[in-house]
Amino acid sequence: FKKDFAPGPVSLGGNEGGGNNMYVVIVDSVSKGGSATDTTPPILSNVTTGLITETGATVTWNTDEAATSRIEFGSDNTYKDATPFSPTLVTNHSRTLSGLSPSKTYHYRVVSMDTFGNERKSGDFSFTTKTVTVTPTPGPSLLLITASDVTAHSAKITWGTDKEATTQVSFGETDAYGRGTTNQALSISHSQILLGLKAETTYHYQVISADAAGNRTFSGDLIFTTATFSPGTPVDTTPPADATNFSAIPGFRKLMLSWTNPSDSDFLGVRIYYRTDGPPASFNDAIILGDFIGLPGQVMHATHVGLENNVTYFYAAASFDTHGNFQNTARTSAKTFNPVATTNPEEPFSTGGCGMINPNDGGDPPGPGQAAEMLGMLGMILLLLLRKRLKTSQYPMVQI
């Protein structure tokens, strides 16, 4: 089989069928399909800011030819920060800014590069994040916020809450932040790793936790300074091995995830992310559930709840080490359970927001929540085997 491609990046997918396959790639001079002397950068249009929240915003734009995507942004037009570079060549671009500070004005410009390396930057745009709405119910109390294990390029932020809550850290070189990490798991013990930091730099950070009802608490502005980088220190660019045994078991409005951490000594955690329209290429084009910190070789469990029924969710697990190297080729998918009709008005089949029950290492004795999980799975197996009409009340529901 032979196939010719136009100039530019080419993705060679896997061949169907069994046995060994081999590619022979011949690079020849351009005879058709484009000019090797193209020096015109893509034309940018329709730059728009949308979905502005207290801590994030989505920016979209178009180009007249397939090009890469990146946003440079900051508290002024010097643009001290940028989104991760997306090499995917598209004409409709969308990038999300996260970890922003509420009630602050941000300046940004979009950047796209075509297949020949011609880059164009837009003019200056700006938007203002929303003001935090004070709810009558107080959020969780934040306890013992600490920055530890600070290296030249990473830091660990830990804290506790007086009740189960989510985990989020906003950080940056100013109190406008501009970067962030998040984990939707509900826990009273919180830990996030900040990666990709500059050596000998003072960073501002803020921790945020929300309880199951959505009541949030913001810490004040805190700082730490990264360590000095020694030029003689070898730079680790090797990611850890993949997470193994990554699987998703369907449930009613939920999926039960499990995986085994790699055994690399410098392993730090696994970032779980997902899409519903197909497997995610990277966490830059997907919804991040969170970073799950664990020990090398540890078995992890988590439950993604509040999902739509009869929908396939595609997951990826990116293991990462203390140097910020990611290995993201572990994939799994599953379709949420399609329930039978119900006449119980107290349990309608409406969908809510997404949440995550805190994962565990599989070594703790089972509690009431785990017993409910097992009963739910037994109920679903019986339904599939017997194909009898069951009431919705027979399925345990996790309320977030």
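## Exercises on a predicted model

At 70% relative accessibility, Leu-51 counts as exposed. The model used in these exercises is predicted.

**Exercise 1.** Where is Leu-51 placed, and what is notable about its phi?

Solution.
- Step 1: Place the residue. Leu-51 sits in the loop between strand S1 (44-50) and S2.
- Step 2: Look at the backbone angle. The phi of Leu-51 is positive, about 50 degrees, although Leu-51 is not a glycine.
- Step 3: Check the accessibility. Exposed means over 50% relative accessible area, and Leu-51 has 70%, so Leu-51 counts as exposed.

**Exercise 2.** Describe Asn-245 by its phi, its place and its accessibility.

Solution.
- Step 1: Asn-245 has a positive phi near 55 degrees and is a residue other than glycine.
- Step 2: Asn-245 is found in strand S14.
- Step 3: With a relative accessible area of 60%, Asn-245 is exposed.

**Exercise 3.** Which residues have the most contacts inside the largest nonpolar core, and which strand gives the most to this core?

Solution.
- Step 1: Recall the general tendency. In soluble globular proteins, nonpolar side chains tend to be buried together.
- Step 2: Find the core. The largest nonpolar core has 22 residues, and Trp-259, Ile-272 and Tyr-315 have the most contacts inside it.
- Step 3: Name the strands. At least two residues of this core come from each of S14 (244-251), S15 (254-260), S16 (267-275), S17 (287-293), S18 (299-305), S19 (312-321) and S20 (326-335).
- Step 4: Pick out the main contributor. S16 gives the most to this core, with four residues.
- Step 5: Turn to the other core. A second, separate core has 14 residues, including Leu-97, Leu-100, Tyr-108 and Val-110.

**Exercise 4.** Which residues does Tyr-315 touch, not counting residues up to four places away in sequence?

Solution.
- Step 1: Leave out the residues up to four places away in sequence.
- Step 2: List the contacts. Among them are Phe-246, Leu-255, Leu-257, Ile-272, Leu-289 and Ala-330.
- Step 3: Add further partners. Tyr-315 also touches residues including Tyr-273, Tyr-274, His-304 and Arg-331.

**Exercise 5.** Which parts of the chain does the salt bridge between Lys-121 and Glu-72 link, and is Glu-72 buried or exposed?

Solution.
- Step 1: Recall the general idea. Side chains of opposite charge can pair when their charged atoms come close.
- Step 2: Check the distance. The closest N and O atoms of Lys-121 and Glu-72 are 3.7 Å apart, and the cut-off for a salt bridge is within 4 Å.
- Step 3: Place the partners. Lys-121 is in strand S6 (residues 119-121) and Glu-72 in strand S2 (residues 57-74), so the pair links distant parts of the chain, 49 residues apart.
- Step 4: Compare accessibility. Glu-72 is buried at 9%, whereas Lys-121 is partly exposed at 38%.
- Step 5: Widen the view. Salt bridges that share partners join Arg-70, Glu-72, Arg-109, Glu-119 and Lys-121 into one network.

**Exercise 6.** How many salt bridges does a search of the whole structure find, and why does the pair of Lys-198 and Glu-173 tie together separate parts of the sequence?

Solution.
- Step 1: The search finds ten salt bridges.
- Step 2: In one of them, Lys-198 pairs with Glu-173, with the closest N and O atoms 2.9 Å apart.
- Step 3: Lys-198 lies in the loop between S10 (179-194) and S11 (202-210), and Glu-173 in the loop between S9 (155-172) and S10, so the pair ties together parts that are 25 residues apart in sequence.
- Step 4: Lys-198 is partly exposed at 46%, and Glu-173 is partly exposed at 31%.

Methods. Residues are numbered from 1 along each chain as its sequence is written. This is a predicted model: local features need pLDDT of at least 70, side-chain atom pairs count only at pLDDT 80 or more; totals for chains, interfaces and linings use all residues. Side-chain values use heavy atoms; hydrogens and water are left out. A nonpolar core is a set of buried Ala, Val, Leu, Ile, Met, Phe, Trp, Tyr and Cys residues joined through side-chain atoms within 4.5 Å. Buried means under 20% relative accessible area, exposed over 50%, partly exposed in between (1.4 Å probe, protein chains only). Contact means heavy atoms within 4.5 Å. A salt bridge is a side-chain nitrogen of Lys or Arg within 4 Å of a carboxyl oxygen of Asp or Glu.
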